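Here are a few notes from going through this one, jotted down as numbered points. Have the viewer open while you read.

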Amino acid sequence: MKKVFAICLALVMVFSLSVTVCAAPGSFVNSPSNNNAPVIEEFENESDDCTADLDITSFGDRNSLSDADKKEMEDAYDMIKNSTDLTDMFSGLNAVVDDLDILPSDLAVSDLFHIDYTDCVEHDEHGAFKIKLSADTLKGFAGLIQYINGEWKLIDNAKVEDDEYLIFTADDLSTFAIVVDSTKSATTSPVTGDPTLTIVAGVVTLALCTAFAVVTVSKKKA
């Protein structure tokens, strides 16, 4: 009997934790910690002398970054997490809202990642990178924003091809966020306020408690 009760209690605790973990904070579609990093399909630098290679890091792998880059990424995360309206972060997103004819509240961030370069000692003398990424977080793409030197800016030239590839040019590399129209973006995880997990946990808990009660009554009759 004690084993049955212990199992019920353990399952209730597991389901309760899963509801908390899967919640998407602030203006994120889902927690960016659950996303794989986008894949760099190809890139090129304006300068033929550039020997740089590019590295891309997901938010979930931010501990692999330098202290400065990790802090930059976490600062960017906090700003999005604490926002209920992305247009309040900087004025550049107002143009996106106007172009798409949507409400500011429809905008959300589907992904947060960091790009940096290696293997080019004199890169400061070289030009911008043209980058092509593939990602699973581009559905409903509205824009690409960059967090650099403590401020957000819109990457005006960013575009999506075939709902799979993100192409843009960046003079500097840092932390980037993909902004989507949340009414069109596809998601495989419940978003903030989605009661799905709560309902499932409640049904499972009720079933387990009922089973426990039946076993208890049966034992007493025996």
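Helices and strands here are DSSP runs numbered from the N terminus, a strand taking at least two residues. That matters for point 1, where D162 is placed in the loop between strand 7 and strand 8. Keep in mind that this is a predicted model.

1. Start with that loop. D162 has a positive phi, near 60 degrees, and it isn't a glycine. What is the relative accessible area of D162? The value is 65%, and D162 is exposed, the cut-off being over 50%.

2. D163 is in the loop between strand 7 and strand 8 too. Its phi is also positive, about 55 degrees, and again the residue is not a glycine. D163 is exposed, at 56% relative accessible area. If you check backbone torsions, look at D162 and D163 together.

3. Now the sheet around that loop. In what order do the four strands of the open sheet run? The order is 1-4-8-7, with antiparallel pairing. Strand 1 (39–45) and strand 7 (159–161) are the edge strands; each has a single partner, so one side of each has no neighbour in the sheet. From one strand to the next, the twist averages 20 degrees.

4. Within that order, strand 4 (residues 129–134) pairs with strand 8 (residues 165–170). Six bridges join them, in the antiparallel sense. For a concrete pair to click on, take F129, whose bridge partner in strand 8 is A170. As a reminder, strands of a sheet pair through backbone hydrogen bonds.

5. On to helix 3, residues 93–100, where L93, V96 and V97 are buried. Why do they line one face of the helix? Looking down the axis of helix 3, the buried residues fall within an arc of 100 degrees, so they line one face. The general background is that an α-helix has 3.6 residues a turn, so residues three or four places apart point the same way.

6. What does the buried side of helix 3 pack against? Its buried residues pack against strand 3 (107–118), strand 5 (141–148), strand 6 (151–154) and strand 9 (175–181). On the face turned away from the buried side, helix 3 carries D98 and D99, which are exposed.

7. One last torsion: D101 follows helix 3, and its phi is positive, near 55 degrees. Add D101 to the list with D162 and D163 when you go through the positive phi values.

Methods: Residues are numbered from 1 along each chain as its sequence is written. This is a predicted model: local features need pLDDT of at least 70, side-chain atom pairs count only at pLDDT 80 or more; totals for chains, interfaces and linings use all residues. Side-chain values use heavy atoms; hydrogens and water are left out. Buried means under 20% relative accessible area, exposed over 50%, partly exposed in between (1.4 Å probe, protein chains only). The arc is that of the directions from the helix axis to the C-beta atoms. Contact means heavy atoms within 4.5 Å. Two strands pair if DSSP finds at least two bridges between them. Axes are lines fitted to C-alpha atoms, for helices over the stretch in contact, and angles run from 0 to 180 degrees between N-to-C directions.
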